[in-house]
Amino acid sequence: MPMAVGVIETLGFPAVLAAADAMVKSAAVSIVYYGLAESGRMLVAVRGRVSEVNRAVEAGIFAGEQTFGGQVITHYIVPNPPENVETILPIHFTEKSEPFRM
């Protein structure tokens, strides 16, 4: 089954928290990565079916922008990342994320 990956980058922690919360509540996706990009920019990545990731990213963008002082810097969806991208970048399921896999 092809799995998409969706990433949202925000300015500050409250916006990324709101985005991550909205993403997992609005669609059947799992968070596979969360981290600090640089200078207060945070990012969260989710995996799931393409339609679910599209819905999740849309909800995450809305929630991040609605957060007081929140700003979504950028977002991106990769419908079916190739194996070499999954191997190198931190977008695969890990021991921590596996119990929540959709």
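The paragraphs below lead through the strands of this predicted model, then an aromatic pair, and finally a pocket. Residues are numbered from 1 along each chain as its sequence is written, and side-chain values use heavy atoms, with hydrogens and water left out. Because the model is predicted, local features need pLDDT of at least 70 and side-chain atom pairs count only at pLDDT 80 or more, whereas totals for chains, interfaces and linings use all residues.

A convenient place to begin is strand β3 (41-48), where strands are DSSP runs of E with at least two residues, helices are runs of H or I with at least four, and both are numbered from the N terminus. Of the 8 residues of β3, 7 are buried, so this strand is largely enclosed by the rest of the structure; buried here means under 20% relative accessible area, exposed means over 50%, and partly exposed lies in between, with a 1.4 Å probe and protein chains only. Strands β1 and β3 run antiparallel and are joined by 8 bridges, two strands being paired if DSSP finds at least two bridges between them. Within that pairing, I8 stands opposite V44 in β3. Strand β2 (residues 30-38) also pairs with β3 in the antiparallel sense, over 7 bridges, and here V44 of β3 is the bridge partner of Y34. Strands β2 and β3 form a hairpin with 2 residues between them, and S39 in the turn has a positive phi of about 40°. The loop between these two strands also holds G40, which counts as partly exposed at 33% relative accessibility.

Strand β1 (4-11) has 6 of its 8 residues buried, so it too is largely enclosed by the rest of the structure. Besides its pairing with β3, β1 runs antiparallel to β4 and is joined to it by 7 bridges, with V7 standing opposite Y76 in β4. T10, which lies in strand β1, is buried at 0% relative accessibility, and its side chain reaches the backbone nitrogen of V16 at 3.3 Å.

A pair of aromatic rings is described by the distance of the centres and the angle of the planes. Rings of Phe, Tyr and Trp (its six-membered ring) pair if their centres lie within 6.5 Å, with planes under 30 degrees apart counted as stacked, over 60 as edge-to-face and the rest as tilted; by this rule the count comes to 1 aromatic pair. The ring centres of F13 and Y34 are 6.4 Å apart and their planes stand at 80°, so the pair is edge-to-face. Because F13 lies in helix α1 (residues 13-26) and Y34 in strand β2, the pair ties together parts that are 21 residues apart in sequence. Both residues are partly exposed, F13 at 44% relative accessibility and Y34 with a relative accessible area of 42%. F13 also lies 7.8 Å from G40, C-alpha to C-alpha, although 27 residues separate the two in sequence.

The last feature is the largest pocket, which holds about 190 Å³ of space. On a 1 Å grid over the protein atoms alone, a pocket is an open set of points where a 1.4 Å probe fits, with protein on both sides within 12 Å along at least five of seven lines, and lining residues have an atom within 4 Å of a point; the volume is the space filled by probe spheres set on the points, which are joined across faces, edges and corners. The lining residues include V5, V7, Y33, L43, Y76 and I91, and the elements that give two or more residues to this lining are β1, β3 and β4 (71-78). By class, the lining has 11 nonpolar, no polar and no charged residues, where Ala, Val, Leu, Ile, Met, Phe, Trp, Tyr, Cys and Pro count as nonpolar, Asp, Glu, Lys and Arg as charged, and the others, Gly among them, as polar.

Notes: A polar contact is a pair of N or O atoms within 3.5 Å; within protein, one must be able to donate a hydrogen and the other to accept it, and residues adjacent in sequence count only if both atoms are side-chain atoms.
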